[in-house]
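Reader: I'd like to go through this model with you and ask how each label was earned. Could you set the values against the criteria as we go?

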Amino acid sequence: MRGQLHLVKCRCVLSQFKKTNNPPAHQFIVFSVIDDNDAVVPKHAQCNNCGLIHKVTDICTSDILAGKENSVSILGIEDVKLSLPPNLVAILERHNVELPVWEQAQFIIENKAWGEFLILAKEEEKGIKQGKYVRIMSESFFKIDTFNRTDIATPG
Ligand SMILES: [Zn+2]
C-alpha cells in the first residue's frame, strides 16, 4: 500500500477567474491510498472552494455527488489530529497545512512508512521549486529540512 497526493477537478471556478473567458476549472488536492494491486481506494473528498462532495475513484478522477454539501464520511483535520503524535501535530499546525497533508501524515504513521516525508511549504520562482519538508523517521522523530529544485519529488 502506498499513498499519493493528486489533483481532482471540480466544476467550480475560483473567484479571481470568474470574469475571464474560459476560466479554468478549479482543482484541489486529494490524498488517496493505492492498494497492493495498484487500485485507488475510493473515498469521498470535499472541494476546498465550493464545498461539493466528490467520490474519488482514481488518480485525478472523481464523480461529483449531486446535492451533497456535507458528508459524514469525510474526515476533518480535527479527526486526524487525534491519531498523530503531539510533536508532529505541532509541526503541521505551525505550517498551517491542508487536510490532504494531515491525511498523508496519518497514513505514514499508521503504516510505519518511516523515511517518508510531507511537504510543509513550497513556492516556485522562475521554475525553481523550493520549500520545506518534514521527514518522519519514527513515531517520535521528525526531521525538518529544506529543498530546492529537484532534490526530492514534490506533489503538483
Ligand atoms: Zn468546487
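Author: Gladly! Let's begin with β4 and β5, which pair in the antiparallel sense over four bridges. Please keep in mind that this is a predicted model.

Reader: What makes β4 and β5 count as a pair?

Author: Two strands pair if DSSP finds at least two bridges between them. β4 and β5 have four bridges, so the criterion of at least two is met. One of the residues involved is Val 56, whose bridge partner in β5 is Ser 62. The two strands form a hairpin with two residues between them, and Cys 60 in the turn has a positive phi of about 60°.

Reader: Which residue of β3 stands opposite Val 56 in β4?

Author: That is Lys 43. β3 pairs with β4, residues 53-58, in the antiparallel sense, again over four bridges. Ala 45 has His 54 as its bridge partner in β4. The hairpin of β3 and β4 has six residues between the strands, and there Gly 51 takes a positive phi near 85°.

Reader: How do you know which strands are at the edges of the sheet with the order β3-β4-β5?

Author: The three strands form an open sheet with antiparallel pairing. β3 (43-46) and β5 (61-64) each pair on one side only, and they are the edge strands. On average, neighbouring strands of this sheet are turned by 40° against each other, direction ignored.

Reader: Let's turn to the helices. Why are α2 and α3 called roughly antiparallel?

Author: Two packed helices are described by the angle between their axes and the distance between the axes. For α2 (residues 86-95) and α3 (residues 99-110), the angle is about 160° and the axes are 11 Å apart. Angles over 145 degrees count as roughly antiparallel, and α2 and α3 therefore earn that name. α2 passes α3 in a right-handed crossing. In the contact, α2 contributes Leu 88, Val 89, Leu 92 and Glu 93, while α3 contributes Val 101, Trp 102, Ala 105 and Ile 109.

Reader: How do those contact residues of α2 with α3 divide into nonpolar, polar and charged?

Author: Seven are nonpolar, none is polar and one is charged. Glu counts as charged, whereas Leu, Val, Trp, Ala and Ile count as nonpolar, so the charged residue of the contact is Glu 93.

Reader: What can you tell me about the other sheet, with the order β6-β7-β8?

Author: This is an open sheet of three strands with antiparallel pairing. Its edge strands are β6 (117-125) and β8, each of which pairs on one side only. Neighbouring strands here are turned by 10° against each other on average, direction ignored. β6 and β7 run antiparallel and are joined by eight bridges, and Glu 124 has Lys 129 as its bridge partner in β7. α2 packs on the sheet, touching β6, β7 and β8, and its direction makes about 35° with that of β8. α3 packs on the sheet too, touching β6 and β7, with its direction at about 145° to that of β6.

Reader: How many bridges join β7 to β8?

Author: Seven, and the two strands run antiparallel. A hairpin joins them through five residues. Tyr 133 stands opposite Asp 145 in β8.

Reader: Why is the aromatic pair of Tyr 133 and Phe 147 called tilted?

Author: The structure holds three aromatic pairs. In this one, the ring centres are 6.2 Å apart and the planes lie at 45°. Centres within 6.5 Å make a pair, while planes under 30 degrees apart count as stacked and those over 60 as edge-to-face. An angle of 45° falls in neither class, so the pair is tilted. Tyr 133 lies in β7 (residues 128-136) and Phe 147 in β8 (residues 142-148), so the pair ties together parts that are 14 residues apart in sequence.

Methods:
Residues are numbered from 1 along each chain as its sequence is written. This is a predicted model: local features need pLDDT of at least 70, side-chain atom pairs count only at pLDDT 80 or more; totals for chains, interfaces and linings use all residues. Side-chain values use heavy atoms; hydrogens and water are left out. Axes are lines fitted to C-alpha atoms, for helices over the stretch in contact, and angles run from 0 to 180 degrees between N-to-C directions. Angles under 35 degrees count as roughly parallel, over 145 as roughly antiparallel, 65 to 115 as roughly perpendicular and the rest as oblique. A crossing is left-handed if the near helix is turned anticlockwise from the far one by less than a right angle, and right-handed if clockwise. Contact means heavy atoms within 4.5 Å. Rings of Phe, Tyr and Trp (its six-membered ring) pair if their centres lie within 6.5 Å; planes under 30 degrees apart count as stacked, over 60 as edge-to-face and the rest as tilted.
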